[in-house]
Every structure is written in C-alpha cells, then in structure tokens.
Amino acid sequence: MSVKKSPEELKKIFEKYAAKEGDPDQLSKGELKQLIQTEFPTLLKGASTLDVLFQELDKNGDGEVSFEEFQVLVKKISQ
Ligand SMILES: [Ca+2]
Ligand SMILES: [Ca+2]
C-alpha cells in the first residue's frame, strides 16, 4: 500500500490533527504523533524516531509544526 497522498488530502490531514489541541493551525508534538501513527505508521519504522522527526520539522524551534514546516514531511512522504 502506498502512503502517497494528494496535496489536498495532506492539507485535510494536517488540519484535522492540528485542530485537536492548542493552536488549530499548528501541530504540537502530541498531535504530530497521532498524525504519524494513524496516517503514516511506516515513517516511524525507519531510523527516525518521533523526536528526531519533530525536531527536523520544527525549523523555527517554537515547539509546534506549522503547515509550512509540515511541507518537509510532505516531501518525505511523496518521495
Ligand atoms: Ca494544535
Ligand atoms: Ca515551528
């Protein structure tokens, strides 16, 4: 099964999980964890852990992942 998703689907997924707690436009680490575990469990089967992935995505280091920062993950998924 492919994990490929269209940009529209990925935006919907981001919005769905980002809205769960705190800022509805930002993914907290907990929200990212739920998103990955539910939608892209294969991503965590490689070398990267959630902590590593979160640090990689949170470019500005504010502890949340914006939709813009989420694009890095989108690129990983679509590779
Ligand atoms: Ca949020
Ligand atoms: Ca951030």
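The following paragraphs describe a helix pair and two calcium sites in a predicted model.

In this predicted model, local features need pLDDT of at least 70, side-chain atom pairs count only at pLDDT 80 or more, and totals for chains, interfaces and linings use all residues. Residues are numbered from 1 along each chain as its sequence is written, chains are lettered from A and ligands numbered from 1 in the order in which they are written, and side-chain values use heavy atoms, with hydrogens and water left out.

Helix H1 covers residues 7-18 and helix H2 residues 29-39; they pack at about 135 degrees, with axes 9 Å apart. H1 is therefore oblique to H2, oblique being any angle that is not under 35 degrees (roughly parallel), over 145 (roughly antiparallel) or 65 to 115 (roughly perpendicular). From H1, Ile13, Phe14, Lys16, Tyr17 and Ala18 meet Glu31, Gln34, Leu35, Thr38 and Glu39 of H2, contact meaning heavy atoms within 4.5 Å.

Ala18 and Glu31 also belong to the site of the calcium ion (ligand 1). Its donors (N, O and S atoms within 2.8 Å of the metal, or 3.2 Å for Na, K and Ca) are Ala18 (O), Glu21 (O), Asp23 (O), Gln26 (O), Glu31 (OE) and Glu31 (OE), at 2.4 to 2.6 Å. The donor residues follow the spacing A-x2-E-x1-D-x2-Q-x4-E.

The calcium ion (ligand 2) has as protein donors Asp58 (OD), Asn60 (OD1), Asp62 (OD), Glu64 (O), Glu69 (OE) and Glu69 (OE), lying 2.2 to 2.6 Å away. Here the spacing in sequence is D-x1-N-x1-D-x1-E-x4-E.

Technical notes:
Axes fitted to C-alpha atoms, helices over the stretch in contact; angles between N-to-C directions. Helix = DSSP H or I, 4+ residues; strand = E, 2+ residues; numbered from the N terminus.
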